[in-house]
Each structure stands twice: as C-alpha cells, then as structure tokens.
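Hello,

Here is the structure for you to look over. Please open it first, then read the notes underneath.

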Amino acid sequence: MTAKKLPSHTSDVPTQAKPRNIWTKLILTISFALFSAYYILGVDPSSLCHHFGHNQVKGTCPQPAHGLLPEKHRLIHDTLLKEYKTPEFLLETVQAISGAVQIPTESGDNYGVVGEDPRWVVFGSFHAYLKKQYPLLHSTLALTKVNTYGLVYLWPGTNAELKPLVLVAHQDVVPVNPDTVDQWEHPPYSGFFDGKLVWGRGSIDDKSGLIAVLTAVEGLIKQGFQPARPILITSGFDEECSGRQGAQKIVEYLLETYGKDSLAMVIDEGGGFAEQYGTHVAMPNVGEKGYTDVKVSVDVPGGHSSIPPTHSAIGILADLIYTIEANTFKPLLSKTSSVHDTVQCIAEHAPDSFSKKLRRTLARGSLEKATKLLLEEYPHFLPLLRTTTAVDVVSGGVKANALPENAHALVNHRVSIDSSIGEVQTYYKHLLKPLAGKYNLSLSAFEDHPSVNAPKRALTLSQGTPFTTEPIPKAPTFGSSPWDVLAGSIVSSFESFRPGNDSILVIPSMSTGNTDARYYGDLTKSIYRYVHRDAGKDTNRLGGVHTVNEALPVKSLVEMIAFFTTLILNADESTSL
Ligand SMILES: [Zn+2]
C-alpha cells in the first residue's frame, strides 16, 4: 500500500527562535520534530526507534508498506487468485454456500447433550455435505471427529518442527424464530441467490467463514500445494450457545495431542474491513471481553396480599435493579486495551476523524479526558471501554393476591479486557451491601457453598449461568510475526481485488462478544478474529446476523477465499511464526 504521510499541522506549533548556528539549528530541528510527533500527532517519540522493519512505516501504528505475497508458491497463489476472479468460480461459490445454508444446523441454549438430544443429528447431514463438496480435502487431510460433531482436519506439514496454523469456523447457526419467518425476504434456509446476495441463516455467521477456509484448501490441493507447516481446521457445532460441547472439547483434544503453547496462530470468525474514517480499514479483533451472568435473588416471607409490607420481594428487587443500572461501570481508554491501539491508529492515519482537542489529549496521555472526548465524538466506543451491564431476565410472583417469597433477576456483563469476573463480584458486594441493610436482608455474595438453612430474609448474589469467561488478553500486534503475516495478507488480498490506488489500514480492534476462540488461550497467545468480509460503507448493517434477512454478497465470499489462500501460503513460508 502507499505509505501514508504524517500531516504537518504547522499552524499548531509555536514559532521557533532563530537558530544561531548549524548545531543549534540541528538540535532545534530534532526537538521540533519530536515535539510535533508527541504533542500534535500523538506519536510517542520512543516508539520511533522501533518497528522500522523494511516493510513498515514508522509510528505507533506501523502499516505494511506493501502487501505480503508468498515467494516460493507464488505461481500457485497467482493461478488461484486468477481463477477466483472468473464468473465460473463465482457460481461455484454460490453453489457451495447456498448448499451449506440449506442444512439448518441450529444450536439452541436449551439443547441437551450430544448423543441424547436428537436435534444435533442434523450435523451429520452437514458433514456429508462437506464431504461431497470438498472431495480432495477429505482424501488429503486427516479428519478427527471430537464429541461426534466437532471437526478437526489436519493437513500434515513436511516440517514437523513448525507449529501449526489453525483456522477456526463454526458449523452451527442461531435458530430462526418461527414468528419472524414471514419477515424474511427469502426463506431462511433457502440459500436463495438473487444475482448478488446469497440469503439465509448462516450465510454470514459463520458458514461463510467455514466455506471460505475449506474452498481455499481444496483449491490449494488441486494446485499441488503441500504445506511445510501443519494446518489445522477446527469447527465447533455449538458456538452460538457457549461452545462447551464443541470448541471446548476440541481444545481439550488439541491440548492432549499437541500440548500447551503449541500453535503458531489461530484465526477465528470476527472483524472484516469497511469504509470508515475516510479510508478502508481492516480491524482484526485481537482481544475479547469476558462474560458473566449475575443472579440477584431476594427471599422474604410470603403472605396474603391483603396485609402487605411496604416493599414486597419484587419491590426490593426493583430498587436493587435501579441501583445497578444507576451505577454502571466507568469507561476508560486504558493503555493496555486494544481499543487504545484502535484509537491511536485512527489518530495517526486518519487524523481528520478526530477533533484536534482529542488528538492532543491522546498525545498527552490524559486517558480520562481522552475517554470523555472520544465518547462525545464516537459514542459507539462505550461498550468497548467498560464492563457492560444488561438486566436481561426478571422473575417473581405467581398470583395477583399472593406475596411472592422470591424475586430474582439475571444481569449479563461483558467484562472489560482490563477487568475480571472477580472485580465484577466485588463491585456487587460493595454496591448492594447498603441495600441489604436497608431492607433487613442477610447478604450472601458468590459463596461456593451457600448455607443449607437459608435465612428467611436474604439477598443472594451468585453466578447466574454456567457460561462464564474471563477476558482474553490482547494478542501480539505491531512488530510480531503473527500480526505481520496477518496484516500483510490482508493488504495483498485487498489490493488484489482493487488494482489501482485504493489502500487499506490494518488496525487492532476488540470484539464485544465471544467466539469459540475464547477456549484457545492455552494453545497460543496469537489469537485473531478476522475473516476479511467486506462490510462496505454501512458499518452498522450486520447483514442480518442473528436476526431476519441474513444475506451475504457472494463477491465478498470470493474475497474471503482469496484472503485465506494468501494467508495459508504466507504462514507456510514464514520462518518466524
Ligand atoms: Zn459466529
């Protein structure tokens, strides 16, 4: 890509004293450059000493100077990329994703154990479809089925010393709400192709990811590629309901087979690229927020509602909920968060997206003030900067003339990358203790073994569901080999479909939700959530993911296939992964 020049902003700098001689002039020039970098552009001068690789531009957010292309296997790469741009390949891609969408591999929160609940059986049909669709892959790669429907494909490398590249995509989809079927422009499991979009549940999330990876591998085998670095393709079947039967079991298998820290890098579903901040921006998610549900439960003696107390269990619970919502977690753009990287990158490469005041505040490192300004200019950053609070379930009372003995609520928290589930629990203890006193309730907070003889008036705080995940720390970014391979592959894939002047920024980001990647932390620190899906100009449109009218532009899927092809070849040739 074209190196972006740092803007000069000369009007912002104070007038310099007239230099007396050449040395004074030189010193003043250097000081001035560092001053400008630090106070105006938000560039930490110390960082200018780093990241000066031949492929990178200086700054806190170095960008690949050009896309990364394989050298040894360039012919295979170029042959495949050429094929991907043909109308015949586009139609083959339509057929592949449409066929996958037509098999309703739903997974629901209330599904039982594999082998007992018959609703999982449809995944067998999906496996048969994949086998038919990708014959070379199935005759070349070794397939291990984990917990019946979890897929682990191994493409052995010729160099067993190299750590495997792992590509992750889930097979399951969010169930279609039967009440909303008539709101779909084309039926949710039709896989209908309207000449541009393929319609249906899973067309984006995440069958596009799975089909992209499998198609890339099928093409590489057809071209005679034999990897030096082992490649693993793993596919869970219950990502949409926690991944505990799929990804969690797959990771247990990988840990048994390969051991801790045994993988080169993991790529899972996640960010794509879009037209934003006056340019094209690719945002691989390098961190993941944590997840926990807290149950807030009030027990009081019941009774006849003709002689009620001032506050019933429901009234007390209402006060507790009000207090929780009135005291949400404070947002902070902390330096350890990947959101800080996102913001620094925008300030450096798309400075006009931020006010001058925000850029200066960022450069000074006044994080609390920068947080406030950032949220004024871009409110959508709020959930990324704090632990979120959402009261999602409330329950209490069964009859109009009976006082309820219990009322409870479930509160969902997406835990900030700088925080922990322990911090969330401490917050609850401090916040609700005064209310327990006010209503004369004995407080039990997150106790492993709650007492059997529970008091009659009690406020009990506990983990509300078994779904709980600590935040996943930030993966390596600038200056690390996995990031360089990823970013370089993004740039070359992007440019390949837009010959000319278009360029793309690659900046680290963070996901607000969780993916199957949450389980892979013991296998590698280099976990990236990115699929190279083109979100176009409208970054708010999620393409119907998790709701009605999910649909994928097939051209976007072709680009995803090209991206995975390039990434596989680049990772194979990297000597430092
Ligand atoms: Zn997904």
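The notes below cover the metal site and then the nonpolar cores.

Please keep in mind that this is a predicted model.

Zinc site

Start with the zinc ion. His 170 coordinates the zinc ion through NE2, Asp 205 through an OD atom, and Glu 269 through two OE entries, at 1.9 to 2.6 Å. The 4 donor atoms subtend angles of 53 to 149° around the zinc ion, so the arrangement is irregular. Along the chain, the donors follow the spacing H-x34-D-x63-E. Asp 205 sits in the loop between β4 (197-199) and α6 (207-222), while Glu 269 belongs to strand β6 (residues 265-276), so this pair ties together parts 64 residues apart in sequence.

Are these two acidic donors buried or exposed? Asp 205 has 10% relative accessibility and counts as buried. Glu 269 is buried too, with a relative accessible area of 10%. The cut-off for buried is under 20%.

Nonpolar cores

Now the largest nonpolar core. It has 97 residues. Phe 381, Leu 486 and Phe 564 have the most contacts inside it. Helix α15 (residues 554-573) gives the largest share of this core, 12 residues. Where does the core lie relative to the domains? Domain 1 (74-288 + 472-573) and domain 2 (291-463) both contribute residues, so the core lies between them.

Take a look at Phe 381. Leaving out residues up to four places away in sequence, Phe 381 touches Tyr 277, Val 339, Thr 342, Val 343, Ile 346, Leu 374 and Leu 375.

Another core lies apart from the largest one. This other core has 29 residues, among them Val 298, Val 300, Ala 436 and Leu 461.

Best wishes

Technical notes. Residues are numbered from 1 along each chain as its sequence is written. This is a predicted model: local features need pLDDT of at least 70, side-chain atom pairs count only at pLDDT 80 or more; totals for chains, interfaces and linings use all residues. Side-chain values use heavy atoms; hydrogens and water are left out. Donors are N, O and S atoms within 2.8 Å of the metal (3.2 Å for Na, K and Ca); water is not among the atoms, so sites may look incomplete. Four donors count as tetrahedral if all angles lie between 85 and 135 degrees; four count as square planar and six as octahedral if opposite donors are over 155 degrees apart and all others between 65 and 115; anything else is irregular. Helices (H or I, at least four residues) and strands (E, at least two) are DSSP runs, numbered from the N terminus. Buried means under 20% relative accessible area, exposed over 50%, partly exposed in between (1.4 Å probe, protein chains only). A nonpolar core is a set of buried Ala, Val, Leu, Ile, Met, Phe, Trp, Tyr and Cys residues joined through side-chain atoms within 4.5 Å. Domain bounds come from an automatic or database domain assignment. Contact means heavy atoms within 4.5 Å.
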